[in-house]
Every structure is written in structure tokens, then in C-alpha cells.
Amino acid sequence: FCSSNTERRFADYGCMLEIHGLELLPDGRSYVDTVGGSRFRVLRRSQRDGYHTADIEYLEDQRVDDLELLRRLHDSVYQQAQDWYQRLGTRLRDQIDRQYGTMPEKEDDMQASINGPIWCWWLLSVLQLDPAYQTTVLSLTSLKDRLGHLRLVLEYFSQS
């Protein structure tokens, strides 16, 4: 999946989707329940049978050797996200829980996944940000940079 982009038909970055459920609607449309997986960068665009296609390259986060600074940033932004989530009204939090699931727990090893901690991606989905900004965050291969973006967004949402 890539978000749309008027200049290039679709964004330069996207993620593979795992389909969890499919519901065919009476009017011919479908409701597809998905969860994002591996991130990728578009190398070349093309079309086949009327569908947009692309050659891609998978992304993975850069591993960090000096973990102390990253751990402090990670824990701080996770706490900031938890505080924001808890300040939401019960009704809104229940709606988020139904649609996205509850906020994931903080992983012991924040570098265990090549895509970084799951809670970061959950938060990015829940915050309903502009698709171009989401694509920017999706394209980052530095957990430190991604956490920096999430911190700024959470500060903005906490003030408004």
C-alpha cells in the first residue's frame, strides 16, 4: 500500500499489508481489515492490466550501538504517548480500542524488529495525521528520528 500522490500517482514509500478480514458489501465495494507490515521504498513505477505496480526495496531500521540515549528517548516518548492516550475521554479511547486495538506494551528490546517498536506504528495510525506526513515518518530508517517526530506531534496534540 502507498498513499496517493498527485504528482507521481502514489507515494515513494509504503508498506505491505496483511489482510485480517474481508467483507463484501451489497453495493460491490469491500471492507478490508488490514495491518501494516514491512516498509518499502519505490524504485520504479509501472502499470499492468490497468493497475499501478512498482519495483520496491524493503527498508529496515539502522541498528544503534550506543543504546543509552536511544533508550531514554524511547521511554520518554512512550510515556508521553501513554499520557496522551489516558487523557482521551473514555468514549474516544473505546472507539480507538475497537478500531485499532489497545495501545501496545513497550517492548523490552526496542530494536528487535527491523521496523522498530510496534507501539510507534500503532500511534502513527491512531493520530490520523496527513498522509504525506505519515509517509515521511514511514520512510525514516532511524528510530531516533521517528521518535523525534512522534514527540513533536504528541506535544502539538497535548497543547490543542
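Begin by colouring the two parts into which the protein is divided, domain 1 (13-58) and domain 2 (67-159), whose bounds come from an automatic or database domain assignment. This is a predicted model, in which local features need pLDDT of at least 70 and side-chain atom pairs count only at pLDDT 80 or more, while totals for chains, interfaces and linings use all residues. Residues are numbered from 1 along each chain as its sequence is written, and side-chain values use heavy atoms, with hydrogens and water left out.

**Between the domains**

Keep both domains selected and look at where they meet: their centres, taken over C-alpha atoms, are separated by 23 Å. Six residues of domain 1 are in contact with nine residues of domain 2, where contact means heavy atoms within 4.5 Å. The area buried between domain 1 and domain 2 is about 570 Å², and carbon and sulfur atoms give 54% of that area; buried area is the accessible area (1.4 Å probe) that two parts lose on being put together, summed over both. Now select β3 (13-24) and β4 (30-48), each of which supplies at least two residues of the side of domain 1 that touches domain 2. Strands (E, at least two residues) and helices (H or I, at least four) are DSSP runs, numbered from the N terminus.

**The nonpolar core**

Next, select W84, W119, L123 and L147, the residues with the most contacts inside the largest nonpolar core, which has 28 residues. Such a core is a set of buried Ala, Val, Leu, Ile, Met, Phe, Trp, Tyr and Cys residues joined through side-chain atoms within 4.5 Å, and buried means under 20% relative accessible area, with exposed over 50% and partly exposed in between (1.4 Å probe, protein chains only). Show α1 (67-87), α3 (118-126), α4 (131-139) and α5 (143-159) as well, since each supplies at least two residues of this core.

Centre the view on L147, which touches L70, L73, H74, V77, W119 and C120, not counting residues up to four places away in sequence.

**C120 and Q111**

From L147, move to C120 in helix α3. Is C120 buried or exposed? C120 is buried, because its relative accessible area is 2%. Leaving aside neighbours within four places in sequence, C120 is in contact with L143, L147 and L150. If you also select V77, you will find that C120 and V77 are 43 residues apart in sequence and 9.4 Å apart in space, C-alpha to C-alpha.

Finish at Q111, in the loop between α2 (90-100) and α3. Q111 is buried too, with a relative accessible area of 9%, and, leaving aside its neighbours within four places in sequence, Q111 is in contact with Q62, R63, V64 and L67.
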